[in-house]
Amino acid sequence: MSERNGFIGLERTVESITIGTRHRTDYGDLTQLIASIQRDGLLQPVTITPDGVLVCGARRLAAIKQLGWRTVNVWVRSGITDRLGALLAEQDDNLLHKPLTPTEQATLYRELKEIMAEEAAQRQAATQFGTDGKHPGQAGTGESPGPYGMKGDAREQAARLITGTDSSQRLERIAHLQNLAENPGQSEEVRQRARAELAAIDTGSPVSPAFQRLNAHTSVAELERIASDTDVDEIVRHHAQVAAHSLRETPADVKAAELERLAVEALRRVKEQTKTRKPRPLRPAPKPDEGPVPQFPVRAFRVMWSEMADWWLHYDVADIAHALTDEEHEAFQETIDGTVNFARQIAEHRTTARVTQDAAARVIA
């Protein structure tokens, strides 16, 4: 028996505890609580009055009954003998528990996932080397379910222990933002944005848009790093600079998913160019006997012209005129002629489509 701050710790038989009148009648899913008690024991004893009436811990007591325990450690609390005191104690027990914030959940998830992955690897090794009494190749403890009877990989098991559902994707995204906020290799702007997004998530903001915005910002930061890297080819650096500038000028009302897509796509194209490590010469137009020309989707057209906006402002005419070879100038001129012809055809198609729509509207009217 122990005594502390008006409480007396005792061991009582489960049957001797009276539930009394409780306002919470739905105890919900007790699976996690039962698993926790099986794994770690009863971390917080239930509280009863000297007469054996339950004050706090109805769910814990229900879980213990399902486990078949005959006795349980309790705190005996004096001074809660009237109905008002019992009601206030029940309210405190149900309402004053502060749940983990989303970022606290993610921090716990990261540690749990790492431990569970290590334990799974140890079980797998024990299975392979036959130290668990089985021959190599036989099903052993390294396979799912895990040590707590839960199926799935370490990510799913860790997420279910914390939230009760497979929320691993949401927790992984929050953990990614935490890594960005803590990573000294990231720019101060990215770290600040990550910290701001995490603070917003803890106050109820959705996770996915925050994750997508940070993905876009990290892509822009990488583009700007490439643009300032003097070891990178000059043309690639220029493309990176134009792409980063264009993304930073993106209107604020563009959805996070679209911003992420544009940024990731721009970074992918620039990185493809960096692999060549040499300037890409202007290419002449393909000849008719070189086979069919590959067709690109409309999305690629939009991205290309988005990056080309005001491109002439970034060059000195005299420098270009001096630097281009005759072949490059001819290829440039062919591209301009083809572009003008393409623009004329677009205008004609749009005019034809508009006239057709107007005629159809008049017929309907």
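This briefing describes the fold, confidence, salt bridges and surface of one protein chain.

The structure is a predicted model, with a mean pLDDT of 80 for the protein. The protein contains 13 helices and five strands, and 29% of its 365 residues count as buried. The points below concern helices α8, α9, α11 and α13 in particular.

**Confidence**

- A pLDDT of 70 or more is reached by 78% of the residues.
- The stretch 132–144 has a pLDDT below 50. In the model, this stretch makes 18 contacts beyond near neighbours in sequence.

**Overall organisation**

- Considering contacts between residues at least 6 apart in sequence, 70% join residues at least 24 apart.
- About 24300 Å² of the protein surface is accessible, and carbon and sulfur atoms account for 54% of that area.
- In total, the structure holds 18 salt bridges.

**Helix α9 and its packing**

- Helix α9 comprises 15 residues, 234–248. At 1.5 Å a residue, these should span 21 Å, and the end C-alpha atoms are 21 Å apart, so the expected and modelled lengths agree.
- The buried residues of α9 are V236, H238, A240, V242, A243, A244 and L247.
- These buried residues pack against three helices: α8 (207–227), α10 (256–274) and α11.

**Salt bridges around α8 and α9**

- Within helix α8, the side chains of E222 and R225 form a salt bridge, with an N to O distance of 2.8 Å. The two residues are separated by about one helical turn, because they lie three residues apart in α8.
- R225 also forms a salt bridge with D229, where the closest N and O atoms are 3.8 Å apart.
- R225 counts as partly exposed because its relative accessibility is 42%, which falls between the limits of 20% for buried and 50% for exposed. D229 has a relative accessible area of 21% and is therefore also partly exposed.
- E224 pairs with R248 in a salt bridge whose closest N and O atoms are 2.6 Å apart. This pair links distant parts of the chain, since E224 belongs to helix α8 and R248 to helix α9, 24 residues apart.
- With a relative accessibility of 31%, E224 counts as partly exposed. R248 is likewise partly exposed, at a relative accessible area of 38%.
- E189, R193, E224 and R248 are joined into one network by salt bridges that share partners.

**Nonpolar surface patch**

- F301, M304, W305, M308, F342 and I346 make up a nonpolar patch on the surface. Together these residues have about 530 Å² of accessible area.
- Two helices, α11 (298–308) and α13 (326–364), each contribute at least two residues to the patch. The greatest contribution comes from α11, which supplies four residues.
- M304 is located in helix α11. Its relative accessibility is 41%, so M304 counts as partly exposed.
- Helix α11 thus appears in two settings: it supplies residues to the nonpolar patch, and the buried residues of α9 pack against it.

Notes
Residues numbered from 1 in each chain as written. Heavy atoms only, no water. pLDDT = per-residue confidence, 0-100. Contact = heavy atoms within 4.5 Å. Patch = residues over 30% accessible without salt bridge, like charges linked within 9 Å, V, L, I, M, F, W, Y side chains within 5 Å. Areas by Shrake-Rupley, 256 points an atom, 1.4 Å probe, with all protein chains shown as cover. Salt bridge = Lys/Arg side-chain N within 4 Å of Asp/Glu carboxyl O. Buried < 20%, exposed > 50% of the residue type's maximum accessible area, 1.4 Å probe, protein only. Expected span 1.5 Å × (residues − 1).
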